[in-house]
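Here's a quick briefing to read with the model open beside you. Take a look at the fold, then work through the points below.

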Amino acid sequence: MGLYIEAHIRAELDELWARTQDPARHQRWDLRFTEIAYLPCAAGEPQRFRYATRVLPFLTIAGTGVSAGEKERPDGTRTSALRFASPHPLSLLAEGSGYWRYIPVADGVRFLTGYDYRPRWGAFGALADRLVLRPLMGWATAWSFDRLRLWLERGITPERARRNWLAELTARALTIAGCAAGLGRGPVLGALSPTCAFLVPLLLVVALSLALFAAPLATTPAARRCLRTPPARVTAPRILHALEKQS
């Protein structure tokens with residue numbers, strides 16, 4: 001699969017499964033979707049669903065998909081797979097497929113995903129996907145996985161996690177702007193005493209470095225906490241191949 005994201009979540013497998021398989025809870029933590037809803041389907045058939053993403057206040061891109069899961073496997077792991085497509089002409093993402101794997105470990109669950117998709121709009125779409133959409137999708141998936149982790153491990157709701165992230169982002173931006181303005185006032189700093197003229201720029205540089213490079217707060221979701229490269233060669237699960245044949 002083209003994109004790979006993995007998070008180590010210290011939580012019960014059943015609870016992780018519930019918060020990822022229930023559409024109402026899934027749409028709360030996953031930044032990629034604004035709405036997810038199941039569609040009617042016959043018993044024994046893969047579950048069909050509708051998803052929507054609000055790109056702008058006045059623009060929502062929707063699509064449909066089909067999913068199937070394996071909750072009981074001999075090795076104790078669980079897997080779910082899906083295929084999806086959007087007919088919306090403004091959606092760069094035309095169609096794709098992917099899977100989630102739930103691997104119990106001694107202190108929690110390795111929750112990972114692999115997915116790929118086909119962009120539309122020809123050569124222009126392929127370039128836009130490589131430069132913009134694919135990096136953005138990878139970041140959004142990893143950020144969402146960490147938001148899910150905070151919900152399960154620390155009880156921080158997805159809504160609160162988003163507020164924490166926005167608050168920290170704002171604080172860093174204001175700090176960077178303030179430091180840049182302070183460092184740009186050379187003549188004013190020159191009028192200070194020699195000691196202050198040395199210490200003030202030094203303190204501004206330290207504050208600027210912290211704003212740019214300090215690790216996110218423990219209560220703030222961050223994509224950097226997730227693994228973005230598979231630790232070993234991975235293959236798509238059999239359930240995904242079976243789903244592709246049924247679709």
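Start with one pair of strands: E5 and E6 run antiparallel, and eight bridges join them. Keep in mind that you're looking at a predicted model. Zooming out, the protein has seven helices and seven strands.

**The whole chain**

- If you read along the sequence, the pattern goes β-α-α-β-β-β-β-β-β-α-α-α-α-α.
- The protein has 247 residues, and 38% of them are buried.
- Take the contacts between residues at least 6 apart in sequence: 60% of these link residues at least 24 apart.
- The accessible surface adds up to about 13700 Å², and carbon and sulfur atoms account for 62% of that.

**The sheet**

- Seven strands make an open sheet, and going across it you meet them in the order E1-E7-E6-E5-E4-E3-E2, with antiparallel pairing.
- Which strands sit at the edges? They are E1 (3-9) and E2 (35-39), each pairing on one side only.
- Ignoring direction, neighbouring strands in this sheet are turned by 20 degrees against each other on average.

**Strand partners up close**

- Back at the E5 and E6 pair, Leu82 stands opposite Gly98 in E6.
- E6 also pairs with E7 in the antiparallel sense, this time over twelve bridges.
- A hairpin takes you from E6 to E7 through two residues, and Pro104 stands opposite Val109 in E7.
- How many bridges hold E3 and E4 together? There are nine, between E3 (residues 47-56) and E4 (residues 59-70), and this pairing is antiparallel as well.
- For Leu56, the bridge partner in E4 is Leu59.

**Helices against the sheet**

- Helix H1 (residues 13-21) lies across six strands you can pick out in the model: E1, E2, E4, E5 (78-85), E6 (93-105) and E7 (108-119).
- H1 runs at about 165 degrees to E6.
- Helix H3 (residues 122-154) packs on the sheet too, where it touches E1, E6 and E7.
- The direction of H3 makes about 160 degrees with that of E7.

**A nonpolar patch on the surface**

- Find the loop between E3 and E4, and you'll spot Phe58 there.
- Is Phe58 buried or exposed? Its relative accessible area is 71%, so Phe58 counts as exposed, the cut-off being over 50%.
- Phe58 teams up with Val55 and Leu56 to make a nonpolar surface patch of about 320 Å².

Methods. Residues are numbered from 1 along each chain as its sequence is written. This is a predicted model: local features need pLDDT of at least 70, side-chain atom pairs count only at pLDDT 80 or more; totals for chains, interfaces and linings use all residues. Side-chain values use heavy atoms; hydrogens and water are left out. Two strands pair if DSSP finds at least two bridges between them. Helices (H or I, at least four residues) and strands (E, at least two) are DSSP runs, numbered from the N terminus. Axes are lines fitted to C-alpha atoms, for helices over the stretch in contact, and angles run from 0 to 180 degrees between N-to-C directions. Contact means heavy atoms within 4.5 Å. Patches are made of residues with over 30% relative accessible area and no salt bridge: like charges are joined within 9 Å, nonpolar side chains (Val, Leu, Ile, Met, Phe, Trp, Tyr) within 5 Å. Accessible areas come from the Shrake-Rupley method with a 1.4 Å probe; for residues, only the protein chains shown count as cover. A salt bridge is a side-chain nitrogen of Lys or Arg within 4 Å of a carboxyl oxygen of Asp or Glu. Buried means under 20% relative accessible area, exposed over 50%, partly exposed in between (1.4 Å probe, protein chains only).
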